[in-house]
Amino acid sequence: MKKSHVVLLSAVLVGFSTFAQEVALESKDFSTEAKEHPVTPVMVSIADPLQLPAQQVDDVTWNVSAFRWNLFYANCHEMTGFDLGLVARTGDKMTGFALETVNWVNTDLKGAQIGFLGNVVLNDAVGFQLGGLGNYVHGSFKCCQIAPFNFNGTFDGFQLGAFNWNKGVSTAFELGLANINVSELHGWSWGAVNYTERLYGLQLGVVNVVGDMGHGVQIGVFNGAARFQGVQIGVLNIIPAAPVPVLPFVNGNF
């Protein structure tokens, strides 16, 4: 890159950063709540704490209301708007759209995350997640989730991945090589291996297993359920509590 281009780029970044600092300081409200988390429309970061406005100004942390850009790593309290860069952390909630290599939200997400490696939300999320390696939501997730590996507390929506794991109740259409629902599934599960503790709907795959009670239909090479009310269609069908516990091709219990 020519020296003149480097100088120009440096000048633009310095000017943009100075503007963000000045706007944030001018708009700061000195009420008790605002002292804790004043608002800046723009945050520019190389790597926290090398960011403007600085993470600590008069012992307060910043909320970003419109745009945050980082070269390596950015950190703020709340983020609302468009988030762009390499690695971004939001200490509280995120509302908007994030395009990063890694997105990390400490509480709730409302919006969309695209992470070239992955996305992490430590409480609840409503919206869309697309992860190059994985998506993780500790609480509940509602809407659409796509990644090789998806992990949630509870799930409500559409899930596409090689491995989908939902710890709580799922009301969903799941599409993956392996779909695991530790609690119960209300909906459809379509994959090579499908497991749920309780089923209210359809399992379609090579191996379908219900650990406790199933209501609905299982279609696969192997279908097994501890207790089942519905129909199994496959090479081998097992319902220990049914009048005929093991049958080829079709088994059922009502």
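**Warm-up: one arginine**

At a relative accessibility of 0%, Arg-68 falls in the buried class, because buried means under 20% relative accessible area, exposed means over 50%, and partly exposed lies in between (1.4 Å probe, protein chains only). Before going on, some ground rules: this is a predicted model, where local features need pLDDT of at least 70 and side-chain atom pairs count only at pLDDT 80 or more, while totals for chains, interfaces and linings use all residues. Residues are numbered from 1 along each chain as its sequence is written, and side-chain values use heavy atoms, with hydrogens and water left out.

**Exercise 1.** Find the salt-bridge partner of Arg-68 and say where the two residues sit.

*Solution.*
- Step 1: apply the criterion, a side-chain nitrogen of Lys or Arg within 4 Å of a carboxyl oxygen of Asp or Glu.
- Step 2: that picks out Asp-83, with the closest N and O atoms 2.6 Å apart.
- Step 3: the pair links distant parts of the chain, with Arg-68 in strand β3 (residues 63-76) and Asp-83 in strand β4 (residues 78-84), 15 residues apart. Strands here are DSSP runs (E, at least two residues), numbered from the N terminus.
- Step 4: check the partner's accessibility; Asp-83 is buried too, at 2%.

**Exercise 2.** How many salt bridges does the whole structure hold? Work out the accessibility class of each residue in the Arg-198 and Arg-227 pairs.

*Solution.*
- Step 1: a full search turns up three.
- Step 2: Arg-198 meets Glu-184 at 3.0 Å, N to O. Arg-198 is partly exposed at 25%, whereas Glu-184 is buried at 14%.
- Step 3: Arg-227 meets Asp-212 at 2.8 Å, N to O. Here Arg-227 is partly exposed at 40%, and Asp-212 is partly exposed at 21%.

**Exercise 3.** Which way does β11 run relative to β10, and relative to β12?

*Solution.*
- Step 1: two strands count as paired if DSSP finds at least two bridges between them.
- Step 2: β10 (residues 149-166) and β11 (residues 170-238) run parallel, joined by 11 bridges. Gln-159 stands opposite Glu-174 in β11.
- Step 3: β11 pairs with β12 (residues 246-253) in the antiparallel sense, over seven bridges. For a spot to look at, Gly-230 stands opposite Asn-253 in β12.

**Exercise 4.** Is Val-44 buried or exposed, and how far is its C-alpha from that of Leu-71?

*Solution.*
- Step 1: place Val-44 in strand β1 (residues 39-47).
- Step 2: its relative accessible area is 7%, so Val-44 is buried.
- Step 3: the C-alpha atoms of Val-44 and Leu-71 are 8.4 Å apart, with their positions 27 residues apart along the chain.

Note on methods
Helix = DSSP H or I, 4+ residues; strand = E, 2+ residues; numbered from the N terminus.
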